[in-house]
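Here is a short report on one chain. It covers confidence, the core, the sheet and one helix.

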Amino acid sequence: MMGAENSTSATEFVLEGLSNHRKTQFLLFGVILLTYLLTVAGNAAVILLVQSDSRLHTPMYFFLMNLSTIEICYATSTEPQMMAHLLAGNGIISFTGCALQVFAVLIMGTAECFLLGVMAYDRFLAIFHPLTYAVAMSKYRQWQLACACWTAGILFSMIYVCVTFRHSYCGSNHINHFICEMPVVLKLACDDTRVSQAIVFIMAAVVLVIPVFVVLTSYGFILFSVVKMRSTTSQRKAFSTCASHLVVVTVFYGTVISMYLIPRSNPPSNHDKRIAVFYTVVTPLLNPVIYTLRNKDVHGAAAKVLRRHHLEPKI
């Protein structure tokens, strides 16, 4: 087990991590380091490409740039600490540090939940209302929607943290997880948490159910329109694009719903940690790949940047 002996002090927690074997910990350190570097590089590349090419100054890419920003912040709020704990062989984190991590993770997670819904709705408008799309998704509206996602993330996260850390933590300080995850931390509280758990459940339902409904409805209409296409080639291409997007969205929402809306075992099991790996490590890595892999506009922008760099005079 990673960490020190059980302590009744509320000044720190001990994260038990993904493994208690030193060789496995070093292997995991290498994997997570590589994943983190690829996540930051991939998402940063998306941001730079969108900013550098005027052809990508459209609502879809504006929201994609926001998603990439969220993914970089999300990965940075969890993975460097995971690597530090794996390298040190213990998972000690201060009470304040745990609260700050919960706050940061929930800001990014909540903002991403709403933003994925906005992105699906944007595609729905572009396909079904092309004549009014430019007005419906004006620059002002884009900023409104993006700011609403970030603001919701901050406000919901503040409430989550206040609800979680108002309790006393006087018993075991060992958390069977690799990050400070709100539902798992709340299980360690000494006093009655039923009201807090009800608040958390209701808020999580709002954050998850509404965007999921928007995503499923929007993609449902889009897929229905794809079925009516006469061109088999166009059908295949559209299905492939929609399917890849839906896979990432399903993995993200499915694992988060499993963690925040489905009742947890007490004490938390290792299954919770395996679920959390998907939305903390895998999804931030996959999003820039999935959303740009078959995108000709992004490929063109990347080629343009490479040509420009190649043609620059060497000093």
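Which residues touch the most other members of the largest nonpolar core? They are F13, Y160, I175, Y253, Y260 and Y279, in a core of 87 residues. Helix α3 gives the most to this core, with 17 residues. The model is predicted, so confidence comes next.

**Confidence**

The mean pLDDT of the chain is 86. Of its residues, 86% reach 70 or more. The table sets out the two extremes.

| Helix | Residues | Mean pLDDT | Place in the chain's confidence |
|---|---|---|---|
| α10 | 296–311 | 68 | lowest |
| α5 | 139–165 | 96 | highest |

Residues 1–9 have pLDDT below 50. Beyond near neighbours in sequence, this stretch has 35 contacts in the model. Where pLDDT is low, the predicted coordinates should not be read in detail.

**Around F13**

F13 is one of the core residues that touch the most other members. Leaving aside neighbours within four places in sequence, F13 is in contact with residues including G91, I92, I93, C98, N173, I175, V185 and L188. F95, F165 and Y169 are also among its contacts. With F13, these three form one aromatic cluster.

**The sheet**

An open sheet of three strands runs in the order β2-β1-β3, with mixed pairing. The edge strands are β2 (92–94) and β3 (174–175), each pairing on one side only. β1 and β2 pair in the antiparallel sense, over three bridges. V14 has its bridge partner in β2, namely I92.

**Helix α5**

α5 has 27 residues. From its first C-alpha to its last it reaches 39 Å, close to the 39 Å expected at 1.5 Å a residue.

Which residues of α5 are buried? They are Q142, A146, C149, A152, G153, F156, S157, Y160, V161, V163, T164 and F165. What covers them includes strand β1 (12–15) and the helices α2 (59–88), α3 (95–128), α6 (182–186) and α7 (194–227). Two of these buried residues appear above: Y160 among the core residues that touch the most other members, and F165 in the aromatic cluster with F13.

**An aromatic link from α3 to α5**

The structure holds 13 aromatic pairs. One of them joins F114 and F156. The pair is edge-to-face, at 6.2 Å centre to centre and 65° between the planes. F114 lies in helix α3 and F156 in helix α5, 42 residues apart, and the pair links distant parts of the chain. Both F114 and F156 are buried.

Terms used:
Residues numbered from 1 in each chain as written. Predicted model: local features only at pLDDT ≥ 70, side-chain atom pairs only at ≥ 80, totals over all residues. Heavy atoms only, no water. pLDDT = per-residue confidence, 0-100. Helix = DSSP H or I, 4+ residues; strand = E, 2+ residues; numbered from the N terminus. Contact = heavy atoms within 4.5 Å. Expected span 1.5 Å × (residues − 1). Buried < 20%, exposed > 50% of the residue type's maximum accessible area, 1.4 Å probe, protein only. Pairing = 2+ DSSP bridges. Core = buried A, V, L, I, M, F, W, Y, C linked by side-chain atoms within 4.5 Å. Phe/Tyr/Trp six-rings, centres within 6.5 Å; stacked < 30°, edge-to-face > 60°.
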